[in-house]
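Here's a structure to look over together. Take a moment with it, then follow the questions below.

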Amino acid sequence: MENHLCIQEGPVFRIRELNSPWRSILHLGQRQVVKKSWQWANAADTFSFLHRGQVRLRNRPEHGKEQILLRIEQGCLFREVPFLHVSLLYPALFEAVEPCEVYDFPRAWLQDPKFAHDYPDLVCNLISSVGIKAGAFYCQLTERAEQSPKALVCRYLHRMMRDRAQPCFNPGISQSDLASHLGLHRSTVCRILKELRESGILGRFTPCKVEILNPEALGALCDIPRVSAPRPASPLFK
């Protein structure tokens, strides 16, 4: 079984196998196979376990740019704590990024003392994963509150460069995707990328290739603190 993962990719967190112990009771759930772009309602009386596929959590403000908040991969529960992502001004929804196999469980289980008594390991695992998600959302809030749009773009590029350990890499996203990840308008992202090119910091930016020409200057724009030695990687957060 893969290790639990909660990885930050720019402002978006990607989680996998946070709730793998719940596979032991999949036979008690209702299996459902959904197509790409399927959306789940927040008001449902069930919560779900993602067995295969990928789901994303995104908000859809009435006025403003849509933003991706969380990418959920196999081995994770979702819709288990709706109040973490429900807002009147910024409604959120879960959407299948690809065909998915999920198992639905009654939400009443989460308030049932008998279920807690019979499956204490699953309840403890749920509490742990909710804490990880809350930490991820807090990180997103603080970063967005403290940084300008340009700093957000630069930090996203810097993280991709750092994770791939080279200044020229395949980002796997378009400029429109980058705007969605950051919750910015595409025109804003295009303007910032143009400024970085004119400053000699950025070369090409295509879905297949990004060229960082001046990593130090990019890091300075991110306001990333200098450290004497790299921190050891956490099994939960990178």
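A nonpolar core here is a set of buried Ala, Val, Leu, Ile, Met, Phe, Trp, Tyr and Cys residues joined through side-chain atoms within 4.5 Å. Keep in mind that this is a predicted model.

Q: Which element gives the most residues to the largest nonpolar core?
A: That core has 24 residues, and Val-153 and Leu-157 are among those with the most contacts inside it. Elements giving two or more residues include helix H4 (175-182), helix H5 (186-198) and helix H3 (149-164). The top giver, with seven residues, is H3.

Q: How many residues are in the other core, the one with Phe-78 and Phe-94?
A: This core lies apart from the largest one. Leu-57 and Cys-100 belong to it too, and its count is 22 residues.

Q: Which residue of S13 stands opposite Leu-202?
A: Strand S12 (202-205) is at an edge of its sheet. It pairs with strand S13 (residues 210-212) in the antiparallel sense, over two bridges. Across from Leu-202 in S13 you'll find Ile-212.

Q: Why is one side of S11 left without a neighbour in the sheet?
A: The open sheet runs in the order S11-S13-S12. Strand S11 (168-169) stands at an edge, so one side has no neighbour: S11 has just a single partner strand.

Q: Which residue in S7 stands opposite Phe-13?
A: Strand S2 (residues 12-16) is mostly covered, with four of its five residues buried. Five bridges join S2 to strand S1 (residues 5-9), antiparallel, while three join S2 to strand S7 (residues 67-72), parallel. In S1, Gln-8 stands opposite Phe-13; in S7, the residue is Leu-70.

Conventions. Residues are numbered from 1 along each chain as its sequence is written. This is a predicted model: local features need pLDDT of at least 70, side-chain atom pairs count only at pLDDT 80 or more; totals for chains, interfaces and linings use all residues. Side-chain values use heavy atoms; hydrogens and water are left out. Two strands pair if DSSP finds at least two bridges between them. Buried means under 20% relative accessible area, exposed over 50%, partly exposed in between (1.4 Å probe, protein chains only).
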